[in-house]
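Okay, thanks everyone for coming. I've got one model to walk through today, so let's put it up on the screen.

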Amino acid sequence: MTRLAVLGDPIEHSRSPRIHAAAYAVLGLDWAYGRHRLTPDALPGFVDALGTDWRGLSVTAPLKEAAAAWARDVDPLVTRTGAANTLRVDLRAAWNTDVAGIVDAFAEAGVDGVDRGAIVGGGATAVSAVCALAVMGADRVDAWMRTPAKGERLVTLGAELGVDVRLVGPDAPPLVGDVVVSTLPAEADAVPALAGPRAILDADYASGASRYEGVGPLVPGLAMLLHQALRQVRIFVHGDPEAPVEREPEVWAAMVAAA
């Protein structure tokens, strides 16, 4: 049996096992998908010890940078962001499907172009969000962080992409953006005020509710999870995140139902 899993810490809340299992059932693949709780320091040893029955891994916080460092072959987005959320163990290869997941989640909600974006948080998902907002056309992104000095990599990445990333702290006025991507974990104890965005994507789906209820139109974090997971399925099946798998409309419907 071919084996796959999702890695993270925490990981108990992850819906990836049932989403992926639904996809492989439609495809008629005898693949088992589990979950493992790991710290970043433990990831290289864990992956190196996997047997030949292992094919791929989904990677979530706080392991994305460690996953990127483990891989020998990486896609351009991993090189750009320093973060990977998808590993092909058999190929020692890594991809970042979070960027496409964010773009597709907004597009599904009817938002496919922006002039100005905003990000809440500064971790690996925030780095992917800068890339996603650049793809959507943003020329300015304000990034709210409790410690703005830790956000210099967002500024550097923005400069590479032609996006003016400005770091703001807890005492700043309400955060302005056509769209907002919040990457804060569930345990975060503070969020910024927002100035009437067109749409808000809250990447934290574990709680089942959003701290931004009533602030503006919400794009469910599950939408991002599903869209990035579809690309992971493609990678695990045939290695190309942009090439559909067989019976993909049925695969997608099964994944949505399982989520």
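I'll go through the cores, then a strand on the inside, then an aspartate, and finish with charges and a helix at the end of my list. Keep in mind that this is a predicted model.

So, the nonpolar cores. Which residues have the most contacts inside the largest one? That would be I102, F106, I119 and L154, in a core of 31 residues. As for who supplies it, the elements giving two or more residues are α5 (98-108), α6 (124-135), β8 (140-144), α7, β10 (179-182), β11 (199-202) and α8 (221-238). Of these, α6 gives the most, with 7 residues. As a general backdrop, nonpolar side chains tend to be buried together in soluble globular proteins.

If you want one residue to click on there, take F106. Leaving out residues up to four places away in sequence, F106 touches V111, M136, V179, V180, V181, A199, L201 and V219. There's also a second core, separate from that one, with 25 residues, and it includes V6, I19, Y205 and A254.

While we're on buried side chains, a quick word on aromatics. How many aromatic pairs does the model have? The count is 1. The partners are Y24 and W31, with ring centres 5.0 Å apart and planes at 55 degrees, so by the 30 and 60 degree limits the pair goes down as tilted. Both Y24 and W31 are buried.

Next, strand β3, residues 54-59. Why call it largely enclosed by the rest of the structure? Because 5 of its 6 residues are buried. Look at its partners, too. Strand β1, residues 2-8, pairs with β3 in the parallel sense, over 5 bridges, and R3 stands opposite W54 of β3. Then strand β5, residues 86-88, pairs with β3 in the antiparallel sense over 3 bridges. In that pairing, G56 stands opposite R88 of β5. So you've got β3 pairing in the parallel sense with β1 and in the antiparallel sense with β5.

Now the aspartate I promised, D142. This one lies in strand β8, which is one of the elements on that list for the largest core. Is D142 buried or exposed? Buried: its relative accessibility is 5%, and the cut-off for that label is under 20%. What does its side chain meet? The side chain of R116, through a polar contact of 2.9 Å. More broadly, and ignoring neighbours within four places in sequence, D142 is in contact with R116, G117, A118, I119, R166, L175 and V176. I119 should ring a bell, as it was among the residues with the most contacts inside the largest core.

R166 on that list takes us to salt bridges. The total for the model is 15. The side chains of R166 and D164 form one of them, at 2.7 Å from N to O. Both ends are partly exposed, with D164 at 32% relative accessible area and R166 at 40%.

The one I'd pull up on the screen is R153 with E65, at 3.5 Å from N to O. That pair links distant parts of the chain: R153 sits in helix α7, residues 152-161, and E65 in helix α3, residues 64-70, with their positions 88 residues apart. Again both are partly exposed, R153 at 35% relative accessibility and E65 at 31%.

Then there's E250 with R247, where the closest N and O atoms are 2.7 Å apart. E250 is partly exposed at 41%, and R247 is partly exposed at 44%. And one more on charges: D9, E12 and R37 are linked in a network of salt bridges.

Last stop, A257, which is found in helix α9, residues 248-258. Buried or exposed, this one? Exposed, because its relative accessible area is 66% and the label needs over 50%. To place it against our aspartate, the C-alpha atoms of A257 and D142 are separated by 35 Å, and the two residues are 115 apart along the chain. So between those two you have a residue that counts as exposed, A257, and one that counts as buried, D142.

That's my tour, and I'm happy to go back to any part of it.

Key:
Residues are numbered from 1 along each chain as its sequence is written. This is a predicted model: local features need pLDDT of at least 70, side-chain atom pairs count only at pLDDT 80 or more; totals for chains, interfaces and linings use all residues. Side-chain values use heavy atoms; hydrogens and water are left out. Helices (H or I, at least four residues) and strands (E, at least two) are DSSP runs, numbered from the N terminus. Buried means under 20% relative accessible area, exposed over 50%, partly exposed in between (1.4 Å probe, protein chains only). A salt bridge is a side-chain nitrogen of Lys or Arg within 4 Å of a carboxyl oxygen of Asp or Glu. A nonpolar core is a set of buried Ala, Val, Leu, Ile, Met, Phe, Trp, Tyr and Cys residues joined through side-chain atoms within 4.5 Å. Contact means heavy atoms within 4.5 Å. Rings of Phe, Tyr and Trp (its six-membered ring) pair if their centres lie within 6.5 Å; planes under 30 degrees apart count as stacked, over 60 as edge-to-face and the rest as tilted. Two strands pair if DSSP finds at least two bridges between them. A polar contact is a pair of N or O atoms within 3.5 Å; within protein, one must be able to donate a hydrogen and the other to accept it, and residues adjacent in sequence count only if both atoms are side-chain atoms.
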